[in-house]
Amino acid sequence: MNRKPWAEICLVILGSVLYFMANLQRVAVPGAMFDTLTHDLQTTAQAVTSLGSVFMYSYALGQLVIGVLIARFGGFRVVTIGSVLFFIGSLLFPFAHSLPVLYISRLLIGLGSASFYLGMINETRRLVPKKNFGVVLSLILLIGYLGGIVANAPLVVCMHALGWRESFVIAGGITTMLALLFICIDKTVKHVEIDKSIHMDFELFKVTFSNKKNLVLYAFACFNYGLYYVIQTVIGKKFLEDFCLMPVMTAATVLSVMGLMYAIAGSILAFISKASLNRRTVFLKISSFNTLCVFGFILICVCFDIKTPLIAVGFCTISFGASLSPLLVPLLHDYNGQKVANTAVSVMTCGFYIVVAVLGSIVGFCLDHFSHLRVEGSYIAHNSAYLSIFSILFVLAVISFINVFKIEESKKTLRLIQHVNYVKEHENEAEDHWHDEYEHDIYTNI
């Protein structure tokens, strides 16, 4: 069968849209519909936050094996299987009326979603010329991140007009059509040969965790990302409604703005880093300091019952400082070398979502076990619940802030900085020498 480049390009586009749907599912539940689910299911806050945690755990653990599967079988094969799991879970979710079935649907959605990002990176790298890879990858990521934006204000509007189940039936239907179209087009392309020599190498994980530079970076990055994402996907909208007394649509709009800032921040930080000789650690420190200040400020506001829209501004600023993968991934590649680097990155990605999953469970526990009011089937948490939650989040921000100062700059960056300084120094010496000769000539002529 002849290779059909147009078909492979269509698969990359469809995979990008599936990644959009995956982000919509990941951010929307329980974040944008926390109170809706507690009211409709008549269940506890922890049961609702567990819907998000199940997704995060399955997505996180999937990251550890998806990379190996893609290297062995090729990106399109793995995304095909992932798309099947994803559309089955997406269709099951709105029709489920019991928690066990809802958890199964979230498990399938998480496992399916785990294949899209790495699969599209792998196939894009193979299909697109190296000089255009960065641009195309940024477009794929932008399409995916738009799902997180739609998962708040636009989704809330849709749920108010149609109902949450009807809205997710539509989402599931779109996902199913995308997945089936992907499978049909995938049948027309010639796949890469299966590389049977590639298998899960646990020695690479051992090497990854024995590198102290990795552990320090993980201690910063996983908590820094987890703090942002637990706000974005679990508690942010509800906190703005309960504590700041924001209307539902206003709170949802704030969360959509958070998603937008996260989507554009990575490209901006990558550009600034490149313009500053690939310096990275300084931006990590700025991000961590901002996160620490924001969570400290929110904790003070909760302690003294200060209801201010500045909290929403703080939420948006931490989203800008959470999109750090363009800085973190090159550092891990420099720390570990080519053989171990991909494993180190997959461990970091896994850590991101493990932290979010654990924090989601903690949030649910605090909302259930500290005083709250139940109004028309929905929880309105008292300040004691949010005091406990943001105390824990602030402690994690402190841990992240301490570890960011232990992160070492990339050796390649240090060599580049040293080279540039050397050139500047010798240019100044040459200029001084030229001035000395010029002055000597003048005085000699006089």
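Trainee: Is the crossing of α14 and α15 left-handed or right-handed?

Mentor: Keep in mind that we're looking at a predicted model. Helix α14 covers residues 325-369 and helix α15 covers residues 383-404, and their axes are 8 Å apart. As for the handedness, the crossing of α14 and α15 is right-handed.

Trainee: And how are α14 and α15 oriented to each other?

Mentor: Two packed helices are described by the angle between their axes and the distance between the axes. Here α14 and α15 pack at an angle of about 155°. Angles over 145 degrees count as roughly antiparallel. So α14 and α15 are roughly antiparallel.

Trainee: What about α11 and α13, how do they run relative to each other?

Mentor: Helix α11 spans residues 248-275 and helix α13 spans residues 310-320, with axes that come within 7 Å and cross at roughly 30°. Anything under 35 degrees counts as roughly parallel, so α11 and α13 are roughly parallel.

Trainee: Which hand does the crossing have where α11 passes α13?

Mentor: We've just seen that the axes of these helices cross at roughly 30°. The way α11 passes α13 is right-handed.

Trainee: How do α2 and α3 sit relative to each other?

Mentor: Their axes are 10 Å apart, and the packing angle is about 120°. By the way, α2 passes α3 in a right-handed crossing. An angle of 65 to 115 degrees would count as roughly perpendicular, and one over 145 as roughly antiparallel. About 120° fits neither range, so α2 and α3 are oblique.

Trainee: Staying with α11, is phenylalanine 271 buried or exposed?

Mentor: Phenylalanine 271 lies in helix α11. Exposed means over 50% relative accessible area. Phenylalanine 271 has 63% relative accessibility, so the label is exposed.

Trainee: What area does the nonpolar surface patch with Phe271 have?

Mentor: Phe271 has company here: Leu260, Ile264, Ile268 and Ile272 help make the patch. Put those five residues together and the nonpolar patch has an area of about 450 Å².

Trainee: On to charges: how many salt bridges does the structure hold?

Mentor: Side chains of opposite charge can pair when their charged atoms come close. Some of these pairs share partners, and in that way Glu8, Glu123 and Arg126 are joined into one network. For the structure, the number of salt bridges is 8.

Trainee: How many residues apart in sequence are aspartate 40 and arginine 165?

Mentor: They form a salt bridge, with their closest N and O atoms 3.1 Å apart. Aspartate 40 sits in helix α2 (residues 34-41) and arginine 165 in helix α8 (residues 164-186), so the pair ties together parts whose separation in sequence is 125 residues.

Trainee: Which label does arginine 165 get, buried or exposed?

Mentor: Its partner aspartate 40 is partly exposed, at 37% relative accessible area. Buried means under 20%. Arginine 165 has a relative accessible area of 14%, so arginine 165 is buried.

Trainee: Where is glutamate 408, the partner of lysine 213?

Mentor: Glutamate 408 forms a salt bridge with lysine 213, and the closest N and O atoms are 3.3 Å apart. Lysine 213 is in helix α10 (residues 212-242), 195 residues away from glutamate 408. Glutamate 408 itself is in the loop between α15 and α16.

Trainee: What separates aspartate 242 and lysine 238 within helix α10?

Mentor: This pair also forms a salt bridge, with the closest N and O atoms 2.9 Å apart. Both aspartate 242 and lysine 238 are buried. They are 4 residues apart in helix α10, so the separation is about one helical turn.

Trainee: Which residues does the cis peptide bond join?

Mentor: Look at the loop between α1 and α2, where proline 30 is found. The omega angle of the bond is about 0°. The two residues joined by this cis peptide bond are valine 29 and proline 30.

Trainee: What positive phi does aspartate 305 have?

Mentor: Aspartate 305 is in the loop between α12 and α13, and at 41% relative accessibility it counts as partly exposed. Aspartate 305 is not a glycine, yet its phi is positive, at about 55°.

Terms used
Residues are numbered from 1 along each chain as its sequence is written. This is a predicted model: local features need pLDDT of at least 70, side-chain atom pairs count only at pLDDT 80 or more; totals for chains, interfaces and linings use all residues. Side-chain values use heavy atoms; hydrogens and water are left out. Patches are made of residues with over 30% relative accessible area and no salt bridge: like charges are joined within 9 Å, nonpolar side chains (Val, Leu, Ile, Met, Phe, Trp, Tyr) within 5 Å. Accessible areas come from the Shrake-Rupley method with a 1.4 Å probe; for residues, only the protein chains shown count as cover. A salt bridge is a side-chain nitrogen of Lys or Arg within 4 Å of a carboxyl oxygen of Asp or Glu. Helices (H or I, at least four residues) and strands (E, at least two) are DSSP runs, numbered from the N terminus. Buried means under 20% relative accessible area, exposed over 50%, partly exposed in between (1.4 Å probe, protein chains only). Axes are lines fitted to C-alpha atoms, for helices over the stretch in contact, and angles run from 0 to 180 degrees between N-to-C directions. A crossing is left-handed if the near helix is turned anticlockwise from the far one by less than a right angle, and right-handed if clockwise.
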